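Here are my notes on the two ligand sites, written to be read with the structure open beside you. I hope they help you find your way around.

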Amino acid sequence: MKYKSQSVAKLYFIAAIALFVAQILFGLIMGLQYVMGDFLFPAIPFNVARMVHTNALIIWLLMAFMGAAYYLVPEEAETELFAPWLATLTFWIFLIAAGATVAGYLLLSYSELAKLTMNELLPTMGREFLEQPTITKLGIVVVVLSLLFNIGMTILKGRKTSINLILLLGLTGLAVFFLFSFYNPVNVVRDKYYWWWVVHLWVEGVWELILGAMLAFVLIKVTGVDREVIEKWLYIVIAMVLITGLIGTGHHYFWIGTPDYWLWWGSIFSAMEPIPFFMMTVFAFNMVNKRRREHPNKVATLWALGTAVMAFLGAGVWGFLHTLSPVNYYTHGTQITAAHGHMAFYGAYVMISLTMISYAMPLLRGRNAANPGKSQVLEMWSFWLMTVSMVFITLFLTGAGILQSYLQRISENPMPFMVVQDQISLFYWLREIAGLVFLIGLVLYVASFFVGQNEPEAAVAD
Amino acid sequence: MAQAFTKAMARNIFYGGSAFFFLLLLALTFQTEADFPNLDNRAALEGPMGAKITKGKQLWEENNCIGCHTLLGEGGYFAPELGNVYTRFGNSTDAIKGFIASRPENGIPGRRSMPQFHFSDEELTALAEFLKYVSEIKTARNWPPNIQG
Ligand code: HEC
Ligand code: HEM
Ligand code: HEM
Ligand SMILES: [Fe+2]
């Protein structure tokens with residue numbers, strides 16, 4: 001850690017990991033409800049568990065991005081953070097808002113929560129991923145604006161690197177597109193059309209800028225490759241992201257009452273969206289192969305390479321699988337979607353967050369470069385357990401999704417939804433088992449922060 | 001990559017490309033908005049049931065139905081697609097109302113369960129009219145592929 005004010009990142013990272021644990025526990029609850037329909041009913045209905053699972057995911061990823069920004073921006077700008085106290089204050093506001101929202105989900109019925117938070121004044125609740133009460137959404141806007149102000153001022157007074165500018169651009173886009181969550185017309189088609197300006201333009205647009213900036217930062221650190229080379233790559237990758245991904249939004253405009261021409265625009269452009277993910281994989285491996293130093297933080301490098309591979313698999317390959325409209329006609333809104341959603345979110349955004357945490361946390365905790373061997377080995381175990389089990393979760397859901405699409409939508413005698421779900425329950429059991437292995441991986445991950453801290457670290461090779 | 005291809009060139013492609021394709025997205029959005037009136041069943045919203053449908057959408061949202069169900073393929077994958085439930089239930093709003101009203105308080109043992117929401121008759125009508133309105137949206141290729149959703 002070169003600048004004292006970077007230390008605020010630690011708070012964000014710790015909270016992110018805690019919410020990650022909560023996310024997975026609720027994922028396991030839902031996984032069980034899939035096969036034992038009355039599990040925890042009516043205390044925690046499925047929709048409530050789903051809200052906690054997905055919203056905890058979004059919030060902890062935002063926390064990790066913010067922590068990354070507070071860590072990375074001062075180091076790149078070569079100056080202290082503009083207002084460290086503001087970053088600390090913002091953290092507590094964010095944490096309390098997130099905690100209160102989750103408590104609201106679990107302790108009140110959703111309609112009571114809507115009443116309590118006066119949803120009728122500006123109705124924004126009750127849409128997938130955007131279930132948060134309007135006041136929480138406003139809180140998120142304030143928190144992100146405070147971050148933008150803080151890192152914007154830091155960049156202004158310091159060195160201006162491409163990585164910093166791209167990160168700032170990505171976070172600004174995140175704030176701008178989030179504003180569409182406040183637009184909720186009664187007209188369902190228009191509601192859905194602009195809902196995707198938050199969801200798709202986040203994960204297949206501006207978030208990829210954030211991902212790229214974080215990946216480039218860590219790669220410069222662990223490989224020592226020339227910044228010019230890495231930043232040139234970064235620009236090419238994110239250029240391809242937006243060139244394909246903006247019109248690629250059309251892969252969500254196939255069947256929601258939107259005009260036919262979207263079948264073409266959406267299929268063609270989104271079919272090219274895997275290209276930047278592939279380039280990212282090539283880029284990461286190239287840089288590691290050309291490395292000019294052996295950084296002692298081996299596990300951070302492992303996470304970085306893992307991100308590049310798994311993002312390509314989850315977003316690129318599993319996205320392509322169902323992105324052409326003739327295929328999507330049958331798979332839309334099935335377990336195929338869930339399979340892709342899991343591997344893409346894990347491979348791209350969970351893994352890049354863990355990459356950044358893995359690189360920065362040892363430094364934030366006062367070490368020179370890396371954790372001791374013991375702790376790194378444990379973290380590597382957790383990497384493999386979580387990643388391999390996520391591959392299996394994806395494969396099982398894909399199996400379920402293929403059968404579901406066939407039995408419910410393609411076969412001669414289409415069966416009702418509930419009958420089909422019964423038929424494919426074996427896959428859901430297998431998914432739950434894979435989920436338990438994921439949890440073991442996560443427990444080891446958390447444990448890796450507590451082992452071997454008294455041992456000397458591996459030699460610094462810089 | 002050849003030496004001649006510099007970082008500045010990559011940066012220009014990024015800014016130029018993003019700006020161009022963002023404008024294209026805006027243009028397509030304007031065209032789409034112009035085509036919406038033929039597809040999105042807005043006549044229902046402006047008709048005599050308009051106020052009911054509005055109320056129905058509010059109830060839909062404030063009870064988080066989307067957390068279990070898909071609507072036109074978007075939402076949770078735990079429970080049946082509801083974009084076409086009106087047709088699946090024989091074009092009957094009464095059947096929809098009856099189904100929602102009759103959910104047992106403590107669920108059905110061993111089966112995926114839907115909560116009992118204690119809606120009034122007026123609220124049930126609003127929800128059913130909302131689902132009827134959605135089923136009359138003109139989706140491309142008449143998605144979903146068949147009645148099972
Ligand atoms: C906790 C999950 C959950 C929530 C929340 C939920 N449902 Fe359901 N719903 C189900 C399940 C499960 C079924 C299938 C029940 C069965 O077949 O036994 C179902 C079935 C239905 C059906 C019949 C569909 C068919 O084709 O048989 C309708 C209509 C319906 N729900 C409407 C709603 C509405 C309206 C709301 C919101 C007010 C809602 N549901 C909220 C789980 C849920
Ligand atoms: C990291 C990047 C990505 C993430 C995190 C991601 C995540 C998701 C999620 C969560 C959904 C489900 C949305 C819903 O609930 O309705 C979804 C849907 C979809 N994604 Fe992605 N995705 C990514 C990239 C891609 C790419 C690159 C493609 C195409 C090549 C793609 C194609 C699709 C399609 C076609 C759907 C719609 C599925 C349906 O019809 O039900 N995604 N994505
Ligand atoms: C880091 C790991 C995980 C990530 C990033 C993740 C992400 C997500 C996302 C984005 C959704 C919404 C899906 C969509 O709309 O397409 C979702 C839903 C879900 N997740 Fe996870 N999840 C993870 C781990 C798990 C685990 C371990 C389990 C359980 C074994 C699980 C079970 C579920 C279930 C059952 C749903 C609901 C799907 C539905 O709507 O029917 N998840 N998860
Ligand atoms: Fe998308």
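**Notes on the two ligand sites**

1. Residues from both chain A and chain B surround ligand 2, so this site is shared between chains. Please keep in mind that the model is predicted.

2. Which elements of chain A give two or more residues to the shell around ligand 2? They are helix 7 (188-223), helix 11 (298-321) and helix 13 (335-364). Helix 13 of chain A supplies the largest share, six residues.

3. If you would like to look at individual residues, ligand 2 is surrounded by 26 residues. The closest are Gly319(A), Thr337(A), Gly341(A), Ala344(A) and Ala348(A).

4. As for the make-up of the shell around ligand 2, 14 residues are polar, eight are nonpolar and four are charged.

5. Now to the other site: ligand 1 lies between chains A and B. It has 25 residues around it, and the closest are Pro45(A), Cys65(B), Cys68(B), Ala79(B) and Met114(B).

6. Which helices each supply at least two residues of the shell around ligand 1? Chain A brings helix 2 (46-77), while chain B brings helix 4 (85-88) and helix 5 (93-101). Helix 5 of chain B gives the most, with three residues.

7. The shell around ligand 1 holds 16 nonpolar residues, six polar ones and three charged ones. For ligand 2, set beside this, the counts are eight nonpolar, 14 polar and four charged.

Conventions: Residues numbered from 1 in each chain as written. Chains lettered and ligands numbered in written order. Predicted model: local features only at pLDDT ≥ 70, side-chain atom pairs only at ≥ 80, totals over all residues. Near = placed C-beta within 6 Å. Helix = DSSP H or I, 4+ residues; strand = E, 2+ residues; numbered from the N terminus. Nonpolar A, V, L, I, M, F, W, Y, C, P; charged D, E, K, R; others polar.
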